Amino acid sequence: MKTLVYGVWDGKVYDLRKQSAADDAAIPGLTGLEAFAPENPVKVFVADRGFMVFDENANLAGAFWQYLARAAEESCGKCTPCRVGTVELRDQLDGLRRGETPSGGLHSLRMLAHLLATTSLCGLGQSSGRALLDALTHFPSAFDVKAPVGEQNGVIYTTAPCIEACPSRLDVPRYIDAIRAGRNTQAMDVILEKYPMAASCGRVCVRFCESACRRQDAEGALAIKMLKRFASDKAHASGKDFFDPASVKPVLSTKKKVAVVGAGPAGVTCAYQLLKRGVDVDVLDMQHKAGGMASVGIPSYRLPKDVLKAETEGAIVSLGGKMVYGKKLGEDFAINDLFAQGYDSVFLGYGASRGTLLGVQDEDPTLKGYFSGIDFLKAVHDRVEDGVPFEVKGEVVVVGGGNVAMDCVRSALRLGAKKVHLVYRRTVADMPADHEEIEASEKEGVVFHCLTNPSRLISDNGKVVGVEVVDMRQTEMDARGRRSVEAVEGSEHRLNCDVVIAAIGQQVDRATLGETDGIETDRWGCVVADKDTMATSRPGVFAGGDCVLGPQTLIQAMAHGERAALSIVQYLQGETPAVLPEQRMQQLIADNKLLKNECLKHEVMLKDRQPVPEQDVESRVGNFTEVEFALTQRDAYLESERCLRCYRHYLVVTENPLADTARAVEFA
């Protein structure tokens, strides 16, 4: 990238054409453009906060034409300034970039940009006019095009705070627009561009998107997860076949076959994306059903198994994939065997299926009444779904503060435990579990013991009879901004119980991979994979989900699966999997926290969040029927009306073409 020539950023004007070379050209709070496209200099950067020109010969009118063309394309049409203004500006800039003079001159363009930036109802219109207004106000001579410039290469990326917070980069405002318009199947189509598990995710997603919602600073975040569930439930009820084989669009000139190891969210999403592109896929799993840890580790009162099956096995089989059950990597086959059988590539998505012990005195995993969190939930699953005998009697102590711990305490209650205790070494505010899960556990009668930690298991004749715990006290802040804790000397006391469940984490099975597989792993036994391409140390083998991240979330696993599928297609085409331009843009946005602080100043009309309907406590404790219900059509409409459509556009013009992607463009 060349040195900054001129621009405006966050209202500050930079013009190095009038300054000496010794003057500071750095733009506060914006770094990384020089590394955006190695050996391919950036000429222009346009965003909601302003614009920068690094090549005086760049056609700025052409850059803003492309910027406003995307704005016109994304406009919902709800307000006149955005609906009409973006189109008018686009068309006038189109003529200007070709050397034509606008009928009203630059003054008319400036007035239009001002109206767009100050009177549009949503963030898209306001942000789209801001940089153009700055450019026309401070650098009008840059729009004096003496002769049309040839093609400019670049990429334009449209996003929003909720999109960037989502690991899958799901276009949240777009599917919410469809719900508001009553087009539920269209909303479903938007979600299915990313992954097949729409209804499942709409039930159990941890909602990174909602934490980034700008409504958070007003009356509360938009209920994005519940809107996703509403759209998917309604769409499925319509009878439309969303996994139609006719929708498959082959992208390879010859048939290729991929083995996907693991039928969890990562594996299913990878297989789904490959099948849509015409690649043959076999999915191999050690269980006898699809879903991975989502199948056995999430209780049915949160995620009904018929919903999960329809979106995992149903999606893969409908698109022509094959499910191979009861086959475990490391026992029934090795990676070498897969290549010997003719697979052209392999995706590893086998998850983290082993529990973690407490590491306390007198701990013995063979004790009757002692379980890891994941083993307990597997037993619950087998009891509820398959009728395998499993009883929970007396008092139960669950150690942990995450969602697995909440699933354990709520499941224990439903299986007839007399009393359920939750032991956690920190405070309720420090618990990593979803706030709603914590609240539900308290409503259902779980007894919380916070700032308490187990120190010893107590047993008698090979059976758990209690756990010794010690009080904890808070100390200084740790590196993550949480208060550290330490044991209070002499505070040991006993909790009598019949069952102890260690719900403090999961880990991968280290026996899954052997030396002959040629896959590098880290000290935790997780597969080492490139964070951008998901490629492993062995050519042709890619990996994602919990076997790479350790125990994480369903949405993170699905994001890995989608990205790996794109890399596998590149590999099967004989190319080296590469970082895509939109990934570079996402990294630039993240590194500079471009969406962290709102740059637009306008009042937000308060609109109450619609409550999620659910079973009352008395009805739900004692059974595993689904606790939460879908929003009604009316409530879904009212909730979707709360969306502020916080779209932003980010445009980079480069000297040479960028890799071809759905978001990359070349414009004349």
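Where is K593 found? In this predicted model, K593 turns up in the loop between α21 (581-591) and α22 (617-620). The backbone there is worth a look: K593 has a positive phi of about 50°, although it is not a glycine. R207 does something along those lines, with a positive phi of about 65° and, again, no glycine at that position. R207 belongs to the loop between α8 (198-204) and α9 (208-212). Despite its charged side chain, R207 is buried, at a relative accessible area of 14%. A glycine with a positive phi can be pointed out as well: G182, just after α6, takes a value of about 80°.

That brings in helix α6 itself, which spans residues 172-180. How many of its nine residues are buried? Eight of them are, so the helix is largely enclosed by the rest of the structure. The buried set runs through V172, P173, Y175, I176, D177, A178, I179 and R180, and thus takes in D177 and R180 along with residues such as V172 and I179. As for what surrounds α6, its buried residues pack against four helices, namely α5 (161-165), α7 (184-192), α10 (224-237) and α23 (633-640).

Aromatic rings make up another part of the picture. The structure holds 13 aromatic pairs. One of them joins F64 and Y67, edge-to-face, with 6.3 Å from centre to centre and 85° between the planes. An angle over 60 degrees is what puts a pair in the edge-to-face class. Why do F64 and Y67 sit about one helical turn apart? Both belong to helix α1 (residues 60-74), and they are separated by about one turn because they are three residues apart in that helix. F64 is buried, with a relative accessible area of 0%, and Y67 also counts as buried, at 0% relative accessibility. Beyond this pair, ring pairs link Y6, F51, F64, Y67, F139 and F143 into a cluster. Helix α1 also contains A63, and A63 is buried too, at 0% relative accessible area. For a long-range reference, the C-alpha atoms of A63 and A529 are separated by 36 Å, with the two positions 466 residues apart along the chain.

Charged groups meet rings in a couple of places. Y6, a member of the aromatic cluster, has the charged end of R17 sitting over its ring, 4.5 Å from the ring centre. At W65, the charged end of R97 takes up that kind of position, 3.7 Å from the centre of the ring.

Next comes the packing of α3 and α4. The axes of helix α3 (residues 105-119) and helix α4 (residues 123-138) come within 7 Å and cross at roughly 145°. The crossing of α3 and α4 is left-handed. Which residues of α3 meet α4? On the α3 side they are L106, L109, R110, A113, H114, L116 and A117. The α4 side supplies G125, Q126, S128, G129, R130, L132, L133, L136 and T137. Sorted by type, the residues of this contact come out as eight nonpolar, six polar and two charged.

Two small residues round things off. A294 is placed in helix α12 (residues 293-297). Is A294 buried or exposed? A294 counts as buried because its relative accessibility is 5%, and the cut-off for that label is under 20%. Leaving out residues up to four places away in sequence, A294 touches P265, L303, K305, L308 and L554. The C-alpha atoms of A294 and A263 are separated by 9.9 Å, and the two residues are 31 apart along the chain.

G402, by contrast, is found in a loop, the one between β12 (395-399) and α17 (403-414). G402 is buried as well, with a relative accessible area of 18%. Apart from neighbours within four places in sequence, G402 is in contact with P432 and A433. From G402 to L358 the C-alpha to C-alpha distance is 15 Å, and the pair is 44 residues apart in sequence.

How values were computed: Residues numbered from 1 in each chain as written. Predicted model: local features only at pLDDT ≥ 70, side-chain atom pairs only at ≥ 80, totals over all residues. Heavy atoms only, no water. Phe/Tyr/Trp six-rings, centres within 6.5 Å; stacked < 30°, edge-to-face > 60°. Helix = DSSP H or I, 4+ residues; strand = E, 2+ residues; numbered from the N terminus. Buried < 20%, exposed > 50% of the residue type's maximum accessible area, 1.4 Å probe, protein only. Lys NZ or Arg CZ within 6 Å of the ring centre and 35° of its normal. Contact = heavy atoms within 4.5 Å. Axes fitted to C-alpha atoms, helices over the stretch in contact; angles between N-to-C directions. Left-handed = near helix turned anticlockwise from the far one by under 90°. Nonpolar A, V, L, I, M, F, W, Y, C, P; charged D, E, K, R; others polar.
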